[in-house]
Amino acid sequence: MVPRMDTSDLVASVPELSHWARVETAALCSVGSPSITIADVLPALEWARGRVSDGCAGVVLTHGTDTLEETAFLLDLLWDHEEPLVLTGAMRGATQPGADGPANLLQATTVATDPRARGQGVLVVLDDTVHWADHVTKTHSRSTDSFRSLGAPIAAEFREGVLHLCAIRPHPHPDPLPVPTRLPWVVQAGVGIDEDGRAFRVLHEAGCEALVVSAVGLGHVSAPAAQVLGDLVARGCPVVVSTRCPEGGTGTQTYAYPGSEMDLLSRGVVMAGRLPAWKARLLLVVALTDGFTADRLQALYDAWDRC
C-alpha cells in the first residue's frame with residue numbers, strides 16, 4: 001500500500017471539520033515517515049509559526065506514525081507559542097476497512113481549537129486520546145491504540161465525542177530552545193550482552209560529534225564500554241545514556257560498579273532520565289547547536305525528566 005491522499009482529499013473526507021473551524025491546508029513534505037529528517041521538520045515549524053502569527057487558533061500536522069513521536073518531540077523543544085500545535089496520523093490506510101484517519105483528524109482539530117489546549121506544548125492525538133509529545137510513544141506496530149503515554153497519564157481523552165481533560169503536568173514545560181542553526185551528527189546506538197564499546201570508538205573516528213546510548217537497566221553498560229565512553233567524553237564528544245526499559249528512566253545513585261550509572265556519571269556521561277534514546281538524541285542535537293556544556297546538558301535532561 002502506498003498512501004496517495006493529498007491534504008484537500010483528507011479534509012474533504014471529514015465534512016464535520018467545518019463545524020469546528022475554517023480549515024486551511026498545505027502540503028509541506030511528502031515522504032514516508034522513516035525518511036523524515038530534522039531538516040524537513042524545521043520548515044514545518046516555521047510554517048506553523050506563520051499560521052498562528054496570522055491569527056490561526058491552532059495548527060494540525062498529519063504525519064506517518066512510524067516517527068510521529070520523534071517529530072512531535074522535536075517540535076515540542078522549539079515551539080514558542082501558546083496556540084496548540086497538534087500532530088495526528090493513522091494506523092490504517094484510507095482505503096482499508098475501519099480507517100482511523102478521519103476520526104483522528106477531526107479530534108486533532110477539536111483539540112487545536114480548544115482554549116484549554118493553549119500553553120500545553122505540542123500534543124499528539126490518536127484513537128480518542130491526547131498525549132504530551134515528550135511522553136507519548138508508539139507501542140504496537142499494527143493496533144489503532146498504539147500510541148500511549150508510558151509512565152505518565154494522558155493529557156485528555158474523548159468520551160462520546162466530547163474532550164475531557166485528564167491531567168496537568170507535574171512541573172512546567174521547559175522553555176523552548178533556539179532553532180538549530182546547524183545539524184551536528186549525533187548517533188543513537190544500543191548495547192546488550194557482550195557489547196564492549198568498540199563500535200562507539202569507530203563511530204567517533206568516523207566523525208560522530210556526540211553519542212546517545214540506549215543502555216540497560218538504570219543506564220548501565222559493560223565495564224569495557226564504560227571505559228570507551230569515558231574516553232570519548234575526555235576527547236570532547238558528549239555522551240548521553242538512556243535506558244532501553246520502556247518505563248522507569250535512568251538512575252543516578254543506586255549502583256556504583258564499573259559501567260553503572262554512578263560510574264558513568266563520574267566519567268562525565270549525561271543521564272537522559274525518562275527520555276528514550278530517540279528523543280534524547282533530538283534534544284542533544286538541538287542543545288549542541290546552542291553550545292550547551294556538559295553541566296548544562298545534565299540540567300537540561302533533568303528538566304525534561306521532571307515534567
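Which side chain does Lys138 meet in a salt bridge? The partner is Asp66, and the N to O distance is 3.0 Å. Before I go on, please note that this is a predicted model.

That pair links distant parts of the chain. Lys138 sits in strand 5, while Asp66 is in the loop between strand 1, residues 59–62, and helix 3, residues 68–78. In sequence the two are 72 residues apart. As for surface exposure, Asp66 has a relative accessible area of 46%, so it is classed as partly exposed.

A search of the whole structure finds 13 salt bridges. I will go through a few others.

One joins Arg169 to Asp134, with the closest N and O atoms 2.8 Å apart. This pair, too, links distant parts of the chain, at a separation of 35 residues. Arg169 is in the loop between strand 8, 162–165, and strand 9, 186–190. Asp134 is in the loop between strand 4, 129–132, and strand 5. Are these two residues buried or exposed? Both Arg169 and Asp134 are buried.

Next comes the salt bridge between Arg267 and Asp263, at 3.1 Å from N to O. Asp263 has a relative accessible area of 13%, and because the cut-off for buried is under 20%, Asp263 counts as buried. Arg267, at 26%, is partly exposed. There is also a salt-bridge network in this model: bridges that share partners join Glu46, Arg49 and Asp80.

Let me stay with Arg267 for a moment. Its place is the loop between helix 7, 261–266, and strand 12, 270–271. Which residues does Arg267 contact, apart from its neighbours within four places in sequence? They are Ala226, Gln227, Gly230 and Val233. Take Gly230: it is 37 residues from Arg267 in sequence, yet the C-alpha to C-alpha distance is 5.0 Å. The side chain of Arg267 also makes a polar contact with the side chain of Asp263, again at 3.1 Å.

Now to the pockets. Rolling a probe the size of a water molecule over the atoms shows where empty space is left. The second largest pocket has a volume of about 410 Å³. Its lining has 24 residues, and the closest to the pocket centre are Leu150, Pro246, Glu247, Arg274 and Pro276. By type, the lining divides into eight nonpolar, nine polar and seven charged residues.

Which elements supply at least two residues each of that lining? Strand 5, residues 136–138, and helix 8, residues 277–289, do. The largest share, three residues, comes from strand 5. Strand 5 is also where we met Lys138 at the start.

Last, the backbone. Most residues other than glycine have a negative phi. Glu160 is not a glycine, but its phi is positive, about 55 degrees. Glu160 lies in the loop between strand 7, 156–159, and strand 8. At 86% relative accessibility, Glu160 counts as exposed.

Asp194 also has a positive phi, near 70 degrees, in a residue other than glycine. Asp194 is found in the loop between strand 9 and helix 5, which spans 198–205. With a relative accessible area of 79%, Asp194 is exposed.

That covers the salt bridges, the pocket and the backbone.

Terms used:
Residues are numbered from 1 along each chain as its sequence is written. This is a predicted model: local features need pLDDT of at least 70, side-chain atom pairs count only at pLDDT 80 or more; totals for chains, interfaces and linings use all residues. Side-chain values use heavy atoms; hydrogens and water are left out. On a 1 Å grid over the protein atoms alone, a cavity is a set of points where a 1.4 Å probe fits but cannot get out, and a pocket is an open set with protein on both sides within 12 Å along at least five of seven lines; lining residues have an atom within 4 Å of a point. Grid points are joined across faces, edges and corners, and a volume is the space filled by probe spheres set on the points. Helices (H or I, at least four residues) and strands (E, at least two) are DSSP runs, numbered from the N terminus. Ala, Val, Leu, Ile, Met, Phe, Trp, Tyr, Cys and Pro count as nonpolar, Asp, Glu, Lys and Arg as charged, and the others, Gly among them, as polar. A salt bridge is a side-chain nitrogen of Lys or Arg within 4 Å of a carboxyl oxygen of Asp or Glu. Buried means under 20% relative accessible area, exposed over 50%, partly exposed in between (1.4 Å probe, protein chains only). Contact means heavy atoms within 4.5 Å. A polar contact is a pair of N or O atoms within 3.5 Å; within protein, one must be able to donate a hydrogen and the other to accept it, and residues adjacent in sequence count only if both atoms are side-chain atoms.
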